[in-house]
Amino acid sequence: MAVRAKVRCNAKTGTEVHFTTVYEPDASKHAENASFTKATPWGDIKMGIDNPAAMAQFEVNKEYYVDFTPAS
């Protein structure tokens with residue numbers, strides 16, 4: 001089983017990146033985000049990233065998918 005969430009990067013501070021799940025209950029404003037609002041987990045993610053090249057991959061206000069799959 002896998003679960004996909006959609007998150008928005010809210011801030012980058014030092015070596016931390018902060019994300020919140022997208023929230024849009026009105027499908028007429030953004031159908032995909034409304035679908036994620038109803039079907040997937042909600043919350044916040046804070047990650048520490050020591051690799052500058054990895055940190056550069058994230059942009060504030062950009063949205064990303066996060067996939068949760070069981071670790072074997």
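Biologist: Which residues make up the largest nonpolar core?

Modeller: In this predicted model, that core consists of eight residues: V7, C9, V17, F19, I49, M55, F58 and Y64. Two strands, β1 (3-13) and β2 (16-21), each supply at least two of its residues.

Biologist: How do you know that F19 counts as buried?

Modeller: Buried means under 20% relative accessible area. F19 has 5% relative accessibility, so F19 counts as buried.

Biologist: And what makes Y64 and F58 buried or exposed?

Modeller: The cut-off is again under 20%. Y64 comes to 15%, so Y64 is buried. F58 comes to 18%, so F58 is buried as well.

Biologist: How many aromatic pairs are there?

Modeller: The count comes to three aromatic pairs. One of them is formed by F19 and Y64, with 6.1 Å from centre to centre and 85 degrees between the planes.

Biologist: Why is the pair of F19 and Y64 called edge-to-face?

Modeller: Ring centres have to lie within 6.5 Å, and planes over 60 degrees apart count as edge-to-face. With 6.1 Å and 85 degrees, F19 and Y64 pass on both counts, so the name fits.

Biologist: What does this pair tie together?

Modeller: F19 lies in strand β2 and Y64 in strand β4 (residues 63-68), so the pair ties together parts that are 45 residues apart in sequence. Y64 also pairs with F58, at 5.3 Å centre to centre and 65 degrees between the planes. That angle is over 60 degrees, so this pair is edge-to-face too. F19, F58 and Y64 form one aromatic cluster.

Biologist: How do you know that the charged end of R4 sits over the ring of Y65?

Modeller: One part of the test asks for CZ of Arg within 6 Å of the ring centre. The charged end of R4 is 4.5 Å from the centre of the Y65 ring, and R4 is listed as sitting over that ring.

Biologist: Now the sheet! Why is one side of β3 and of β4 left without a neighbour?

Modeller: The open sheet has four strands in the order β3-β2-β1-β4, with antiparallel pairing. β3 (44-48) and β4 stand at the edges with a single partner strand each, so one side of each has no neighbour in the sheet.

Biologist: What makes β2 and β3 a pair?

Modeller: Two strands pair if there are at least two bridges between them. β2 and β3 have five bridges, so they pair, in the antiparallel sense. Across this pairing, the bridge partner of F19 in β3 is I45.

Terms used. Residues numbered from 1 in each chain as written. Predicted model: local features only at pLDDT ≥ 70, side-chain atom pairs only at ≥ 80, totals over all residues. Heavy atoms only, no water. Core = buried A, V, L, I, M, F, W, Y, C linked by side-chain atoms within 4.5 Å. Buried < 20%, exposed > 50% of the residue type's maximum accessible area, 1.4 Å probe, protein only. Phe/Tyr/Trp six-rings, centres within 6.5 Å; stacked < 30°, edge-to-face > 60°. Lys NZ or Arg CZ within 6 Å of the ring centre and 35° of its normal.
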